[in-house]
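Subject: Structure handover, aromatic contacts

Hello,

Here is the structure for your files. Please open it alongside this message; my notes on the aromatic rings come below it.

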Amino acid sequence: MTNSDERTAVRQFIDEASPADAFAAYYALHHNPSRVSLFTHRDSANRIDGFLVQAQTGMDLFRPVVSVRAASDQAALSLFQTGLAPNRAYYLTAPLSLANAVNQHLIITDPELLLIYRLDPAKFEPQINVMVVSNPTPDGWPRFEINANGVAVASAGVNWRSPRFAEVYVYTETAARSRGWGKAVLSALTAALIKDGRLPLYFVNEQNTASIRLAESVGFVDTGAREYTGQASLKG
């Protein structure tokens with residue numbers, strides 16, 4: 001099957017409207033198809049019951065992003081064996097329900113449990129800060145910054161965006177924290193994404209309480225979805 005055929009098949013299995021599936025849906029359905037390898041698994045009745053997407057990104061040219069969704073651990077194992085190469089490093093994401101299958105069949109280093117937050121528009125109050133400037137990326141994606149001495153000391157941008165969602169990030173230099181600048185750039189980005197018709201998502205390590213407080217202060221709420229992530233390689 002071609003990638004186009006596989007993408008059509010995946011739509012039968014994934015919920016594109018769910019924040020829990022948004023990351024996997026973006027890479028499986030909307031990332032540049034020339035930079036994607038997509039593998040599907042079918043049950044005994046020839047119904048799709050899982051997929052694995054491997055994608056090249058600008059974040060790490062040598063370590064592809066891999067996301068997997070499967071109805072069973074056995075389907076996940078088959079996808080790992082089909083879609084991953086031995087002795088190759090990947091950045092893997094999987095729903096928490098597949099964590100046991102991941103740990104059983106893959107070598108995982110630096111594991112994280114990410115909470116998936118989404119913006120609640122009713123809780124969002126735009127914040128105006130004259131220090132915030134718009135500095136879009138070369139491909140036109142929104143990015144907002146606060147600069148000091150010509151250097152961005154607080155910035156917020158987009159990791160990926162699909163027709164429905166956009167995953168945001170925010171970073172503040174250590175010396176510039178506790179001034180509300182992270183909230184200011186995140187608020188500006190959030191307003192831009194709402195205007196663009198996309199719902200912002202915020203993925204955060206469960207132990208990063210400062211980042212969680214920042215997200216909640218802008219109007220993000222916990223969806224209850226969890227993503228298990230880490231550096232991964234296939235066991236021999």
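The notes below cover the ring pairs and one charge over a ring. Please keep in mind that this is a predicted model.

A pair of aromatic rings is described by the distance of the centres and the angle of the planes. Searching the whole structure gave seven aromatic pairs. One of them joins Y26 and Y27 in an edge-to-face arrangement, with 4.7 Å centre to centre and 75 degrees between the planes. Y26 has 7% relative accessibility and Y27 has a relative accessible area of 3%. Buried means under 20%, so Y26 counts as buried, and so does Y27.

Y26 also pairs with W160, and here the rings are stacked: the centres are 5.4 Å apart and the planes differ by 20 degrees. This pair links distant parts of the chain, as Y26 belongs to helix 2 (residues 22-30) and W160 to strand 8 (residues 151-161), 134 residues apart. W160 is buried too, because its relative accessible area is 0%, against a cut-off of 20%.

Taken further, ring pairs connect F23, Y26, Y27, W160 and F203 into a cluster.

Finally, the charge over a ring: R179 lies over the face of W181, 4.9 Å from the ring centre.

Regards

Notes. Residues are numbered from 1 along each chain as its sequence is written. This is a predicted model: local features need pLDDT of at least 70, side-chain atom pairs count only at pLDDT 80 or more; totals for chains, interfaces and linings use all residues. Side-chain values use heavy atoms; hydrogens and water are left out. Rings of Phe, Tyr and Trp (its six-membered ring) pair if their centres lie within 6.5 Å; planes under 30 degrees apart count as stacked, over 60 as edge-to-face and the rest as tilted. Buried means under 20% relative accessible area, exposed over 50%, partly exposed in between (1.4 Å probe, protein chains only). Helices (H or I, at least four residues) and strands (E, at least two) are DSSP runs, numbered from the N terminus. A charge sits over a ring if NZ of Lys or CZ of Arg is within 6 Å of the ring centre and within 35 degrees of the ring normal.
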